[in-house]
Structures are given as structure tokens and as C-alpha cells.
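This report describes the fold, the nonpolar cores and the helix packing of a single protein model. The sequence and structure are shown first.

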Amino acid sequence: MVEGIVMNSGAKISMFEKFVLKTGEGPIGERVESQGRWLSDARIFNPLLFPYVHATIPNGYIMERLTPIHLARIDKTLLFVDVIQKLEELWTTGQGWHVHNKDTPDYDERCEGRWEEHMSYIMSRAASYCPWVVPHLVGMQDNLDPTKFHYCKAHGDPTLENVMLHPRDGRIVLIDPLPPSNRIPECKESDVGKLMQSASGYEDIKISRTAHVQFARKHLHTIFSTVGWVGLDYEHERMAAQYFERCCWVRLIPYQQEMVRHLYEERLRAIIDFRNI
């Protein structure tokens with residue numbers, strides 16, 4: 001047994017031969033427990049996409065043990081394609097597509113209220129930790145229409161570090177979801193932004209502790225060419241995904257040690273410059 005590994009999120013992982021116990025304290029524990037409930041509910045729609053949760057307990061859950069993926073040893077292009085195909089199953093499962101456009105019968109005015117709360121949250125976070133990015137985010141927000149987002153059942157955090165292999169058949173399994181909140185819209189674009197975060201070097205920087213991580217332009221191309229957009233406004237969908245990727249980095253920065261925080265901030269600056277070339 002391996003006990004008491006504390007993750008960056010503050011959650012604690014204890015690994016046994018056949019299962020893993022994930023717990024937390026206070027708000028972290030509440031979030032971990034909600035992850036367990038999300039995974040249990042999601043398996044009802046597609047049991048092959050997510051790990052089996054043996055039990056959800058106060059401030060935690062117990063799930064089957066999976067096999068980690070050594071990202072430095074694999075072809076990430078193929079992994080991105082595989083992850084996107086799995087996410088497409090999730091995005092079109094259960095509640096299905098809910099494109100809350102004012103011109104359609106399923107329009108839900110609450111999506112605009114959630115967008116206001118999201119903007120307030122992300123701008124507060126940016127102003128506190130990387131104020132230089134605020135004008136850039138405001139400019140992107142002004143060009144986005146939240147009623148055009150593809151609202152659906154979303155994972156919330158499908159970075160490559162949250163992908164593992166099932167030991168029985170080697171299929172990929174998505175772990176550690178972020179259950180819906182008003183801070184980040186539950187939509188396809190926000191999930192794609194998380195994939196872009198990985199394509200921009202998130203895991204590589206985290207592992208190497210260096211800024212000398214190249215942009216994988218081919219991975220970004222793979223993401224946008226593989227995702228099946230159903231709308232007609234491709235440029236808006238692409239801009240929304242890019243915006244949510246920037247939000248991912250802004251949200252990451254406060255939780256890091258000083259050295260890693262500096263590296264992530266450097267990468268955020270590079271992302272903005274890179275996308276504007």
C-alpha cells in the first residue's frame with residue numbers, strides 16, 4: 001500500500017493493490033466527494049469511459065486502481081485523438097446537446113447569468129495573480145457570445161494527466177472530473193480549452209520544471225481537426241476554446257510554488273504571443 005500522497009489540489013491519494021482511496025479536508029473534501037458522485041453517475045451513461053467507483057464516502061471516494069500513462073514515452077498525437085473521441089461520447093451522452101441560443105426553443109436565460117459569474121471569478125483571479133493578462137481577457141470576452149457555447153455534459157478537466165489506462169484491456173479512462181459550477185461554463189469549448197492546455201506544454205512543464213518546452217503545433221492542429229463541431233460559427237468556437245485555455249492557466253497559477261508559478265505565467269505570455277502570430 002502507498003498511503004498519503006498529497007496532490008497539488010490538496011487531495012490525498014492512498015493506493016492499495018486493487019483500489020485507490022481519494023480524500024480531502026474541508027472544501028477540498030467536498031470537491032473530491034462530488035467527483036466520486038459525478039463518476040458514479042457518468043458510468044450509468046457509458047461505463048467504459050470512467051473508472052468504477054466502489055463507494056462514495058464523506059469527503060472522498062474509493063475507485064478501482066488504474067495504470068498511469070507515461071506521457072514522455074508515447075505518441076501524444078494518437079492520445080489526443082483517442083481522448084477527443086472519448087469526450088465526443090460524453091458530450092453527446094445523457095443530456096446531449098443544449099445549445100442555448102436565443103433563437104432556439106431550448107434557450108435558457110440562466111446561461112447568461114452564469115457567464116457573468118464566470119467573468120467576475122476569472123477577472124478577480126487574474127487581477128490578483130497576473131494583472132497584465134486582464135486587458136487581453138476582456139478583449140476576448142467582448143467578442144464571445146455565451147449563448148453560442150455548446151452546453152453539454154462536460155468532463156471539466158480532461159488534460160492528459162487525467163487520462164489513465166484500464167489494466168484489463170488497455171483502454172483509456174478519464175479520471176478526476178471537475179463537476180459543474182458557475183465559475184466555468186459546462187460546455188464543449190471549455191473541455192477543448194483543457195486539451196489545448198496540455199498541447200501547450202502543461203504536463204511537460206510540470207514534470208521538467210523548465211520553460212524550455214516547445215509548443216506542439218501539430219497537437220493543436222490535431223485537436224481542432226478532430227473535434228466534431230456542430231455549429232456554423234467555427235471562428236467563434238475556436239476563439240471560445242482559446243479563451244478557456246487562457247482561463248485554465250490563470251486558474252492554475254495561484255496554486256503553484258513560486259518557481260512553477262513563474263513558469264506557468266511565462267507560458268501564458270507565450271500562448272498569447274503564439275496564437276497572435
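## Helix H1 and its span

The expected span of a helix is 1.5 Å times one less than its number of residues. Helix H1 has 20 residues, and its first and last C-alpha atoms lie 30 Å apart, close to the 28 Å expected at 1.5 Å a residue. The model examined here is predicted.

Within H1, the buried residues are Gly 29, Val 32, Glu 33, Gln 35, Gly 36, Trp 38, Leu 39, Ala 42 and Arg 43. The cover over these buried residues includes strand S3 (19–23), strand S4 (53–57), S5, H2 and S9.

## Overall composition

The protein contains nine helices and nine strands. Of its 277 residues, 51% count as buried. Among contacts in the protein with a separation of 6 or more, 71% are between residues 24 or more positions apart.

## Nonpolar cores

In soluble globular proteins, nonpolar side chains tend to be buried together. The largest nonpolar core in this model has 41 residues, of which Phe 50, Leu 79, Val 83, Val 192 and Ile 223 touch the most other members. Two or more residues are given to this core by each of helix H1 (26–45), strand S5 (60–64), helix H2 (76–91), strand S8 (163–165), strand S9 (172–174), helix H5 (188–199) and helix H7 (217–226). The largest share, seven residues, comes from H2.

Which residues does Phe 50 contact, leaving aside its neighbours within four places in sequence? They are Trp 38, Leu 39, Ala 42, Arg 43, Glu 64, Leu 90, His 155, Val 173 and Leu 174. Of these partners, Trp 38, Leu 39, Ala 42 and Arg 43 are also listed among the buried residues of H1. A second, separate core has 30 residues, including Met 119, Val 133, Leu 252 and Val 260.

## Helix H5 and its pairing with H2

Helix H5 has 12 residues and reaches 17 Å from its first C-alpha to its last, close to the 16 Å expected at 1.5 Å a residue. How many of the residues of H5 are buried? The count is 12 of 12, and H5 is thus described as mostly covered. The buried set includes charged residues, among them Lys 188, Glu 189, Asp 191 and Lys 194. Just after the helix, Gly 201 takes a positive phi of about 105 degrees.

Two packed helices are described by the angle between their axes and the distance between the axes. The axes of H2 and H5 come within 12 Å and cross at roughly 165 degrees. Because angles over 145 degrees count as roughly antiparallel, H2 is roughly antiparallel to H5. Their crossing is right-handed. From H2, the contact is made by Phe 80, Val 83, Ile 84, Leu 87, Glu 88 and Trp 91, and from H5 by Lys 188, Asp 191, Val 192, Leu 195, Ser 198 and Ala 199.

## Two buried helix positions

Gly 193 lies in helix H5. At 0% relative accessibility, Gly 193 counts as buried. Apart from neighbours within four places in sequence, Gly 193 is in contact with Ala 241, Phe 244, Glu 245 and Cys 248. Gly 193 and Arg 238 are 45 residues apart in sequence, with a C-alpha to C-alpha distance of 9.3 Å.

Thr 222 belongs to helix H7. Its relative accessible area is 8%, so Thr 222 is buried, the cut-off being under 20%. Not counting residues up to four places away in sequence, Thr 222 touches Thr 77, Phe 80, Val 81 and Ile 84. Phe 80 and Ile 84 also take part in the contact between H2 and H5.

## Helices H4 and H8

The axes of helix H4 (residues 134–142) and helix H8 (residues 234–252) come within 10 Å and cross at roughly 150 degrees. H4 is therefore roughly antiparallel to H8. The crossing of H4 and H8 is left-handed. In this pair, His 136, Leu 137, Met 140 and Gln 141 of H4 meet Met 239, Gln 242, Tyr 243, Arg 246 and Val 250 of H8.

## The loop position Arg 209

Arg 209 is placed in the loop between helix H6 (202–208) and H7. Is Arg 209 buried or partly exposed? At 39% relative accessibility, Arg 209 counts as partly exposed. Arg 209 touches Asp 204, Met 259, Val 260 and Leu 263, not counting residues up to four places away in sequence. Of these partners, Val 260 is included in the second core. The C-alpha atoms of Arg 209 and Tyr 264 are separated by 9.8 Å, although the two residues are 55 residues apart along the chain.

Note on methods. Residues are numbered from 1 along each chain as its sequence is written. This is a predicted model: local features need pLDDT of at least 70, side-chain atom pairs count only at pLDDT 80 or more; totals for chains, interfaces and linings use all residues. Side-chain values use heavy atoms; hydrogens and water are left out. A nonpolar core is a set of buried Ala, Val, Leu, Ile, Met, Phe, Trp, Tyr and Cys residues joined through side-chain atoms within 4.5 Å. Buried means under 20% relative accessible area, exposed over 50%, partly exposed in between (1.4 Å probe, protein chains only). Helices (H or I, at least four residues) and strands (E, at least two) are DSSP runs, numbered from the N terminus. Contact means heavy atoms within 4.5 Å. Axes are lines fitted to C-alpha atoms, for helices over the stretch in contact, and angles run from 0 to 180 degrees between N-to-C directions. Angles under 35 degrees count as roughly parallel, over 145 as roughly antiparallel, 65 to 115 as roughly perpendicular and the rest as oblique. A crossing is left-handed if the near helix is turned anticlockwise from the far one by less than a right angle, and right-handed if clockwise.
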